[in-house]
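Here are my notes on this one, pocket first and aromatic rings after. Have the model open while you read.

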Amino acid sequence: MSRPQFVYVTYIRTTPEKLWAALIDPEFNRRYWFGANMDSDWKAGSPWRIVFADGTVADKGEILECDPGKRL
């Protein structure tokens, strides 16, 4: 697997607990992701995908690292 050419870094002013809840809460996701939500069990090695209400998958990948409230 090749290394990424570009890495996105995002800074968000909030608490780690609120940010974590926003990432994994389907209802919160739908409000800010055009009706889609993040689908995963949020464990390292698990699949991750963005799914619209009609079942269309907008993006997918794998959870490489997960430390709730600290790193995803």
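1. The largest pocket holds about 1500 Å³ of space. Bear in mind that this is a predicted model. The pocket is lined by 34 residues, and the ones closest to its centre are Tyr8, Thr10, Leu23, Arg71 and Leu72.

2. Which elements give two or more residues to that lining? They are helices H1 (16-24) and H2 (26-32), plus strands S2 (47-51) and S3 (57-62). H1 gives the most, with five residues.

3. As for chemistry, the lining of the largest pocket splits into 22 nonpolar residues, seven polar and five charged.

4. On to the rings: there are two aromatic pairs in the structure. In one of them, Phe6 and Tyr8 have ring centres 5.0 Å apart and planes at 75°; that angle is over 60 degrees, so the pair is edge-to-face. Phe6 and Tyr8 are both exposed, and Tyr8 also turns up among the residues closest to the centre of the largest pocket.

5. The rings of Phe28 and Tyr32 have their centres 4.8 Å apart. Their planes sit at 35°, so this pair counts as tilted. Both residues, Phe28 and Tyr32, belong to helix H2 and are four residues apart, about one turn of the helix.

6. Are Phe28 and Tyr32 buried or exposed? Phe28 has a relative accessible area of 29%, so it is partly exposed. Tyr32 comes out at 54% relative accessibility and therefore counts as exposed, the cut-off being over 50%. Helix H2, which carries this pair, is also one of the elements that give two or more residues to the pocket lining.

How values were computed: Residues are numbered from 1 along each chain as its sequence is written. This is a predicted model: local features need pLDDT of at least 70, side-chain atom pairs count only at pLDDT 80 or more; totals for chains, interfaces and linings use all residues. Side-chain values use heavy atoms; hydrogens and water are left out. On a 1 Å grid over the protein atoms alone, a cavity is a set of points where a 1.4 Å probe fits but cannot get out, and a pocket is an open set with protein on both sides within 12 Å along at least five of seven lines; lining residues have an atom within 4 Å of a point. Grid points are joined across faces, edges and corners, and a volume is the space filled by probe spheres set on the points. Ala, Val, Leu, Ile, Met, Phe, Trp, Tyr, Cys and Pro count as nonpolar, Asp, Glu, Lys and Arg as charged, and the others, Gly among them, as polar. Rings of Phe, Tyr and Trp (its six-membered ring) pair if their centres lie within 6.5 Å; planes under 30 degrees apart count as stacked, over 60 as edge-to-face and the rest as tilted. Buried means under 20% relative accessible area, exposed over 50%, partly exposed in between (1.4 Å probe, protein chains only).
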